[in-house]
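Thank you all for making time this morning. I would like to walk you through one structure, going from its overall build down to some individual residues, so please keep the sequence and the picture in view as I talk.

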Amino acid sequence: FEKIFALNTFGMKLVLVALSLALLQVYAQVKYVHLALTGDPTEMVVGWYTDGSSGSTVKWGTESGRYNWSGEGKAKEWKTGYGFNHFVKMRQLTPSKRYFYVCGDSKSGKWSKESSFVSALPINSASSFKIAVYGDMGIQNSQNTINRLISRAEKKEFDWIFHVGDISYADKHYFDFQSTWNTWFQMVEPLSSRMPYMVCPGNHEYAAYSQLFFETRNFVVYNARFSMPGSNTSGENMFYSFDYGPVHFVSYSTESSFPNAPHSHFSDEVAWMENDLKRANLPENRKKRPWIFALGHRPMYSSCKGYSDTNGNPTQEVSVALQSAFENMFNKYKVDVVLNGHVHSYERNYPTYRNKRTSTSYQNPPNPFNIVTGAAGSLEGLKNAEDHGWNDPQPSWSAHRFGKDYGYGILTVHNNTDLNWKFYRAGEN
């Protein structure tokens, strides 16, 4: 009996060990890989998700299957039991070079499938590049957009992505909040694992929900699941800037930290913006990077009903606050283009300042011009599927508007003097 009991005890230990190893394998499975720029062309951030705690390691090299370098990082939770978000910074990359990589945990032996990306352009490069720009996606009404983007990415028709807020719409799925975020990451992984996927916060990133309907606010999940360039003093992803080729990019929050903002829980964005644009506009910096692009979620200018009157004056509360906080600054420091989402339609505006069109030409315009590209998807549907959703008459500053289909834009920076912008309907090739 003692021998049989001893054997059974030993067998139970083996079973427990086997179960522990199996659980480790499951919990360490790598999911939802995504890349991000840091502003340094010799670096790239890799992010991913696991259900349980595991190591954070990336291995990379310049040949498929051969990884000469590795790096370690950290993982963080936004709430206990809601998975781990891992981030590792790859360093000492050669700019404009293709790298192959896997990410995961050496202890469990669980690694992602191999992906590859092309590192950022060299500092002060005037080479051409293309970015896809859109906002307001989610997991519903967005499949056509995502399919088109994947197809274009496979043909190398753009280099990276900027998603201007309202990312997953998980806050609209109260009882499936976490799974909605995970589904969205899975949908875009064919894009985000092969090129940088940059983001800024929208109003639908503000709240989070647990399975018990417990609400957490203050952009907690947004800040946990992404790692953007850490240029601002808050240490979060709310607002930041970085240089890429001949462009200085400013990602600003339309949700917090400016006078009369919807929320104010982070550091002073207006002061940060002033210092950042002042530095970017110095003659020696403008010579190296002649373009300045500002990207945020909500627009100052939209001719959609409820956002402006028939004379073109912004009327929506946040649009008015944004204009008061930032328009003079954008004009003073000669920002070239302002790209936004939020309104679920497409609109391209003429150069405008203080509610007045200042030119009908985009050649050396006297003021910034705005583009609203907020029609990537969204469970809320299109804002202007019918023409009566627009202000009539059309304000003088509104050059073109379209609301009958979902879509996305591609911005091409040809060199130090020429840009090209195209908006594509998701329902057509």
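Let me begin with what I mean by accessible area, which is an area obtained by the Shrake-Rupley method with a 1.4 Å probe. On that basis the protein exposes about 18,700 Å², and carbon and sulfur atoms supply 49% of that area. I should say at once that this is a predicted model, so please hear every value in this talk as a computed one.

Staying with the whole chain for a moment, the secondary structure comes to 7 helices and 25 strands. The radius of gyration is 23 Å, close to the 22 Å that the globule rule gives for 429 residues, so the protein is as compact as a globular protein of that length. Along the principal axes, the C-alpha trace spans about 95 × 45 × 45 Å. Of the 429 residues, 55% count as buried, and if we take the contacts with a separation of 6 or more, 70% of them come from residues 24 or more positions apart.

Let me turn now to one of the sheets. Strands of a sheet pair through backbone hydrogen bonds, and they do so either parallel or antiparallel. Here we have an open sheet of 7 strands, in the order β15-β16-β17-β18-β22-β19-β23, and the pairing is mixed. At the edges are β15, residues 240-244, and β23, residues 398-402, each of which pairs on one side only. From one strand to the next, the twist averages 15°.

Within this sheet, which sense of pairing do β19 and β22 have? Strand β19, residues 346-349, and strand β22, residues 369-373, are antiparallel, and they pair over 3 bridges. If you would like a place to look, find R348, whose bridge partner in β22 is I371. Across β15, β16 and β17 lies helix α5, residues 269-280, and this helix runs at about 175° to β16.

The next topic is the aromatic residues. A pair of aromatic rings is described by the distance of the centres and the angle of the planes. Counting ring pairs with centres within 6.5 Å, the total comes to 41 aromatic pairs. Take W184 and F226, whose ring centres are 6.4 Å apart and whose planes stand at 65°, so this pair is edge-to-face. W184 lies in helix α3, residues 177-192, whereas F226 lies in the loop between α4 and β15, so the pair ties together parts that are 42 residues apart in sequence. Both W184 and F226 are buried.

A stacked pair is formed by F242 and F249, with 5.1 Å from centre to centre and 10° between the planes. Are these two residues buried or exposed? F242 has a relative accessibility of 3% and counts as buried, and F249, with a relative accessible area of 0%, is buried as well.

Returning to W184, ring pairs link this residue into a cluster together with Y32, Y49, Y134, W181, F185, Y197, Y222 and F226. Two members of that cluster, Y32 and Y49, are also touched by N182, as is R225, once residues up to four places away in sequence are left out. N182 itself sits in helix α3 and, at 11% relative accessibility, counts as buried.

That brings me to the backbone, and to a few places I would inspect with some care. Most residues other than glycine have a negative phi, and most peptide bonds are trans. Y32, in strand β1, has a positive phi, near 60°, and this residue is buried at 10% relative accessibility. S378, in the loop between β22 and β23, also has a positive phi, about 85°, and its relative accessible area is 0%, which makes it buried. The loop between β22 and β23 also holds P393, which is joined to D392 by a cis peptide bond with omega of about 10°.

Finally, for contrast, consider E154 in helix α2, residues 143-154, which is exposed, with a relative accessible area of 52%. E154 and E327 are 173 residues apart in sequence, and from C-alpha to C-alpha they are 38 Å apart in space.

Methods: Residues are numbered from 1 along each chain as its sequence is written. This is a predicted model: local features need pLDDT of at least 70, side-chain atom pairs count only at pLDDT 80 or more; totals for chains, interfaces and linings use all residues. Side-chain values use heavy atoms; hydrogens and water are left out. Two strands pair if DSSP finds at least two bridges between them. Helices (H or I, at least four residues) and strands (E, at least two) are DSSP runs, numbered from the N terminus. Axes are lines fitted to C-alpha atoms, for helices over the stretch in contact, and angles run from 0 to 180 degrees between N-to-C directions. Contact means heavy atoms within 4.5 Å. The radius of gyration is taken over C-alpha atoms; the globule rule is 2.2 Å times the number of residues to the power 0.38. Buried means under 20% relative accessible area, exposed over 50%, partly exposed in between (1.4 Å probe, protein chains only). Rings of Phe, Tyr and Trp (its six-membered ring) pair if their centres lie within 6.5 Å; planes under 30 degrees apart count as stacked, over 60 as edge-to-face and the rest as tilted.
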